[in-house]
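Student: I would like to work through this structure with you step by step, and I would ask that each answer be argued from the coordinates.

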Amino acid sequence: MLTPQEGHGHWELTRIRDDLYIIICDFAYREPRLVSWDAYVDVRGNRYSVPAECAGRPVTIRITLEDVLTVHDGERIVAEHRLRPQAAGWATVVVLTEGE
């Protein structure tokens, strides 16, 4: 049976029928990062905000082929941004809590 290899993307083998399988592939780029003290991660020359509770912690970034950046704390997505040109500078997303 085929299994994904570490560092070679993420995919799964799914059985459709007894004699038919499909492979679902995720070609997104992933890399571990450390969130800065001010709750930003550096990606391709820009800084992208994450929730303050992630400051100083390790996270995983995921960049899709469509240039969407997601920041994962374990299995949980904690931030999502569209990648910006380096000249555009920092990207901050304001998160409102309930009642604001």
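Student: Which residue in β5 is the bridge partner of D42?

Tutor: This is a predicted model, and every value below is computed from it. Strand β4 and strand β5, the latter covering residues 46-49, pair in the antiparallel sense over 4 bridges. Within that pairing, the partner of D42 in β5 is R47.

Student: What is the distance between the closest N and O atoms in the salt bridge of R47 with D42?

Tutor: The two residues differ in burial, because R47 is buried with a relative accessible area of 14%, whereas D42 is partly exposed at 48%, the cut-off for buried being under 20%. Their side chains nevertheless form a salt bridge, and the closest N and O atoms are apart by 3.2 Å.

Student: Which residue takes a positive phi in the hairpin of β4 and β5?

Tutor: The hairpin of β4 and β5 has 2 residues between the strands. A positive phi near 50° is found there at R44.

Student: In what order do the 4 strands of the open sheet lie?

Tutor: The protein chain comes to 0 helices and 8 strands, and 4 strands form an open sheet with antiparallel pairing. The edge strands, each pairing on one side only, are β3 (29-34) and β8 (76-82). Neighbouring strands of this sheet are turned by 25° against each other on average, direction ignored. The order is β3-β6-β7-β8.

Student: Which residue in β7 is the bridge partner of I63?

Tutor: Strand β6 spans residues 58-63 and strand β7 spans residues 68-73, and the two pair in the antiparallel sense over 4 bridges. For I63, the bridge partner in β7 is L69.

Student: Which strand gives the most to the largest nonpolar core?

Tutor: In soluble globular proteins, nonpolar side chains tend to be buried together. The largest nonpolar core here has 16 residues, and those that touch the most other members are V41, V43, Y48, V50, L69 and V71. At least two residues of this core come from each of β4 (40-43), β6, β7 and β8. The strand that gives the most, with 3 residues, is β6.

Student: With which residues is V50 in contact, leaving aside its neighbours within four places in sequence?

Tutor: V50 is among the core residues that touch the most other members, a group that also includes V41 and V71. Once the neighbours within four places in sequence are left aside, the contacts of V50 are V35, A39, Y40, V41, V71 and A79.

Student: Is D73, which meets R76 in a salt bridge, buried or exposed?

Tutor: The side chains of D73 and R76 meet at 3.7 Å, N to O. R76 is partly exposed, with a relative accessible area of 45%. For D73 the relative accessible area is 17%, and because buried means under 20%, D73 counts as buried.

Student: Which residues do salt bridges that share partners join into one network?

Tutor: The count comes to 8 salt bridges, and one of them joins the side chains of R17 and D19 at 3.2 Å, N to O. In that pair R17 is partly exposed at 48% relative accessibility, and D19 is exposed at 58%. The network joined through shared partners consists of D38, D42 and R47.

Student: How much of the area that the protein chain exposes do carbon and sulfur atoms supply?

Tutor: Buried residues make up 30% of the 100 residues in the protein chain. The protein chain exposes about 7400 Å², and the part supplied by carbon and sulfur atoms is 55%.

Technical notes: Residues numbered from 1 in each chain as written. Predicted model: local features only at pLDDT ≥ 70, side-chain atom pairs only at ≥ 80, totals over all residues. Heavy atoms only, no water. Pairing = 2+ DSSP bridges. Axes fitted to C-alpha atoms, helices over the stretch in contact; angles between N-to-C directions. Core = buried A, V, L, I, M, F, W, Y, C linked by side-chain atoms within 4.5 Å. Buried < 20%, exposed > 50% of the residue type's maximum accessible area, 1.4 Å probe, protein only. Contact = heavy atoms within 4.5 Å. Areas by Shrake-Rupley, 256 points an atom, 1.4 Å probe, with all protein chains shown as cover. Salt bridge = Lys/Arg side-chain N within 4 Å of Asp/Glu carboxyl O.
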